[in-house]
Amino acid sequence: MFQVNGWDAPLSGEEKETQETESVVKALRVDPKFKYEVMDSPGGETLKLCFQCGTCTSSCPIARFSRSYRPRHIIRMAQLGFKKAVLSSATLWLCAACFTCTDRCPQGVEVSSVLRVLRNIAVSEGFIPEAYKKMVENILSTGYAYRIPKIRFKKREALGLPPLPKGRVEGLSKVSAMTGFSGEG
Ligand code: SF4
Ligand code: SF4
């Protein structure tokens, strides 16, 4: 690729393909220590026990409605050390923590807990979906996951409904200060 007057010249098909391949390879870079990082975290210890039977995926209510969410894949990728690919994947956040997979895993893999550990590591590495960041910001500032529009308060007033209870954000602010987590990654 070359630059003309500060503008990137359009990429040829071949260059585009090379760039895409490079970014995929970069995303798939293997970190052989990743599985130990997961297994050293409370809840992640059973990662190594998975033998890829697929019971978790076939039992998962989210996988039933998603073409991309496959807990078995996530577990395998974590075992193999595809750290960045796992942590940056939006599908990691689709888990509903229903524990069906954990109950059914023949190997005793705490699938739901392993996924929680992966999400925690994702947060500590700055991989947080925008929607969750927004939710945390809202909770910390209002006590509600959803920022209620002013018009709703007015409507309630007009209808003679009592005001909504104020969210108690003091405790949450303390947790935020202690953990350094404010939703801003
Ligand atoms: S059910 Fe357990 S052993 Fe089977 S693929 Fe899922 S985590 Fe692995
Ligand atoms: S805990 Fe998550 S991965 Fe396991 S079955 Fe429920 S939604 Fe699926």
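Start at helix H8 (111-124). H8 gives the largest share of the shell around ligand 2, 3 residues. The model on screen is predicted.

**Stop 1: ligand 2.** Select ligand 2 and show its surroundings. You should find 16 residues around it. Cys 60, Cys 95, Cys 98, Cys 101 and Ser 112 are the closest. Now colour by helix. At least two shell residues come from each of H3, helix H4 (61-65), helix H7 (100-104) and H8. Switch to colouring by class: 13 of the shell residues are nonpolar and 3 are polar, with no charged residues.

**Stop 2: ligand 1.** Move to ligand 1. Its shell holds 13 residues. Pick out the closest ones: Cys 50, Cys 53, Thr 55, Cys 56 and Cys 105. Two helices, H3 (55-59) and H5 (71-80), are the elements that give two or more residues to this shell. What is the make-up of the ligand 1 shell by class? The shell has 8 nonpolar residues, 4 polar and 1 charged.

**Stop 3: H5 against H8.** Keep H5 and add H8. Their axes come within 11 Å and cross at roughly 60°. That angle makes H5 oblique to H8. On the H5 side, select Pro 71, Ile 74, Ile 75 and Ala 78. On the H8 side, select Val 111, Val 114, Leu 115 and Leu 118. These residues make the contact. By class, the contact of H5 with H8 has 8 nonpolar residues, no polar and no charged. Look at the handedness last: H5 passes H8 in a left-handed crossing.

Conventions:
Residues are numbered from 1 along each chain as its sequence is written. Chains are lettered from A and ligands numbered from 1 in the order in which they are written. This is a predicted model: local features need pLDDT of at least 70, side-chain atom pairs count only at pLDDT 80 or more; totals for chains, interfaces and linings use all residues. A residue is near a molecule or strand if its C-beta atom, placed from the backbone, lies within 6 Å of it. Helices (H or I, at least four residues) and strands (E, at least two) are DSSP runs, numbered from the N terminus. Ala, Val, Leu, Ile, Met, Phe, Trp, Tyr, Cys and Pro count as nonpolar, Asp, Glu, Lys and Arg as charged, and the others, Gly among them, as polar. Axes are lines fitted to C-alpha atoms, for helices over the stretch in contact, and angles run from 0 to 180 degrees between N-to-C directions. Angles under 35 degrees count as roughly parallel, over 145 as roughly antiparallel, 65 to 115 as roughly perpendicular and the rest as oblique. A crossing is left-handed if the near helix is turned anticlockwise from the far one by less than a right angle, and right-handed if clockwise. Two residues are in contact if their C-beta atoms, placed from the backbone, lie within 7 Å.
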